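Here are my notes for a colleague who has not looked at this structure before. They are best read with the sequence and the coordinates open.

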Amino acid sequence: MMTLPIPVYTAQAVKDWENRWFAAGNSSYGLMQQAALMMANHLLGQLAPSRVCIWCGSGNNGGDGYLLAVYLSRHHTVHIYQIAPPASADAQRACQAAIDAGISITDAPVVADVHIDAVFGNGLDRPLTDEMLAIVDDYNAHTGYKIAIDIPTGLHPNTGMPLPACMRADMALCLMGYKVGLLTGCAKSHVGKLVCLPLIPADDALITTAHIDNTLPTLPARDGSRSHQHKGDYGSVMVIGGHPTMGGAVIMSGEAAISVGAGRVTIATHPNHHPAIITRKPNLMVHDIDQMDKDKLEHMTAICIGIGLGRDAWSAQVFERYLPIMAGMSIPVVMDADALWHLAAHSDTRLPANAIATPHHAEAARLLGISANEVEADRIHAIRSLQARYGGQWVLKGANTLTIDMHGEIRICTLGNAAMATAGMGDVLSGMMAGILAQAPTTPIHQIVALHAHCGDVLSADGIVVDVNQMGQMASQTLKAIAK
């Protein structure tokens, strides 16, 4: 088990790492043998005796497949589908090893319980040919458990986007280290279970792009030794939002903030929504959004703005009134939803380090002046661009949410699931973030993202869609369990 945080690399960084290993006098074929043996040992503990078909390409990924066939053949019936003859010297040597071991090598795939993709791996960064696209379709049409060696064929190793299609895997055996493309873009729909098999020690020249980090936050203790404290010692949150016609989002955000332990939560919203807030959650305070001033905000320890704010002239003047006030404050300020829509019209604004913006891909696209597809095509580049243009800290929501902190460090959250794709989920995250930062302002934002995703994973077992109204309660239970 690797300890969090876990480093993640680009394809080129891994290639350079390998080349430095070989330049130091280590054998490239020996590394191929080691990779195949580690994969075989892992799979022998996972698979019952079965019929296996390994789809081998012409490069070293195919070489890994030939040697894996040799090692698996001791316990399984193994066939090799040779898509193209081996081209590299190591792949040719591995192919000969498979021939010497009596492995069946065919020019077409066979029916099997397990299919293993050893076609391209880490080396592909260009669109597939029509011939290869047909092979991808054929692979995906076969039934059986699917395993990818390193990276599913057709998935870009750095962006996680299909080129334009890719082989689907139930498990990806990631060699050397995690590649960015296994964790971003569309990867979560294609790679299945990720298993990392480190082969050689990291050297000082190895460049890390991001880290996987699902660490959950820890809040100040509330035990007997702190019994002299009162609600004001656990933070005061102001949630600002709620267009005259949209009141539900601010309620969800405020509920989330108080559920994670904030001492006091006030919702500054249109008076239309005050009765509903008091009826649903009487421990939330309310203020008229048009009557708020700098003095009231200065008593807060965290602010959350934009939830259900709207995009008309009224909401624009609300945002423009609050933006310079918040930019001059030193407390955490979470900007979500319509605040981001209005921020895009102020692209010359520089957010302070204590500001956290939480867009999804469409909101990020508007902020950057590009298409949503361009954001998804390279999410790592997109989150870096957001910080470079606007400053602050950022959360780019989606499958494997990204965060970038004030130091430019990127974290990838691998928790969460498709059942969380429902209205209100982002509102709950922004409220959780403000509620936790109000109590512990130095809490890393990626830990709050992980808590939110963890709660979604726990609640997803109850139905096809996570009930957002239970998220705050689940977060509270999780934080209590961590404290104990």
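The points below cover the sheet, a helix packed on it, the cavity and the salt bridges of this predicted model.

1. Start with the sheet. It is an open sheet of 12 strands with mixed pairing. The strand order is E8-E1-E10-E19-E18-E17-E16-E15-E14-E11-E12-E13. Strand E8 (178–179) and strand E13 (285–288) are the edge strands, and each of them pairs on one side only.

2. Next, follow strand E1 (residues 6–9), which has both kinds of pairing. With E8, strand E1 pairs in the parallel sense over two bridges, and Val-8 stands opposite Tyr-178 in E8. With E10, strand E1 pairs in the antiparallel sense over three bridges; here Pro-7 stands opposite His-211. In general, strands of a sheet pair through backbone hydrogen bonds, either parallel or antiparallel.

3. Further along the strand order, strand E17 (residues 391–396) and strand E18 (residues 402–404) run antiparallel and are joined by three bridges. Trp-394 has Ile-404 in E18 as its bridge partner.

4. Which strands does helix H14 (residues 425–439) touch as it packs on the sheet? The helix touches strand E11 (236–241), strand E14 (302–307), strand E15 (333–335), strand E16 (351–357) and E17. The direction of H14 makes about 165 degrees with that of E14.

5. On internal space, the structure holds one cavity of 30 Å³ or more. The largest cavity has a volume of about 50 Å³. Its lining is made up of Leu-323, Met-326, Ala-327, Val-333, Met-335, Leu-351, Pro-352 and Ala-355. Helix H9 (313–327), E15 and E16 each supply at least two residues of that lining. By type, the lining residues divide into eight nonpolar, no polar and no charged.

6. Side chains of opposite charge can pair when their charged atoms come close. How many salt bridges does a search of the whole structure find? There are eight. One of them is formed by Asp-213 and Arg-411, with the closest N and O atoms 3.4 Å apart.

7. Where this pair sits deserves a separate point. Asp-213 lies in the loop between strand E10 (210–212) and E11, while Arg-411 lies in strand E19 (residues 410–412), so the salt bridge ties together parts that are 198 residues apart in sequence. In the strand order of the sheet, E10 is followed by E19.

Notes
Residues are numbered from 1 along each chain as its sequence is written. This is a predicted model: local features need pLDDT of at least 70, side-chain atom pairs count only at pLDDT 80 or more; totals for chains, interfaces and linings use all residues. Side-chain values use heavy atoms; hydrogens and water are left out. Two strands pair if DSSP finds at least two bridges between them. Helices (H or I, at least four residues) and strands (E, at least two) are DSSP runs, numbered from the N terminus. Contact means heavy atoms within 4.5 Å. Axes are lines fitted to C-alpha atoms, for helices over the stretch in contact, and angles run from 0 to 180 degrees between N-to-C directions. On a 1 Å grid over the protein atoms alone, a cavity is a set of points where a 1.4 Å probe fits but cannot get out, and a pocket is an open set with protein on both sides within 12 Å along at least five of seven lines; lining residues have an atom within 4 Å of a point. Grid points are joined across faces, edges and corners, and a volume is the space filled by probe spheres set on the points. Ala, Val, Leu, Ile, Met, Phe, Trp, Tyr, Cys and Pro count as nonpolar, Asp, Glu, Lys and Arg as charged, and the others, Gly among them, as polar. A salt bridge is a side-chain nitrogen of Lys or Arg within 4 Å of a carboxyl oxygen of Asp or Glu.
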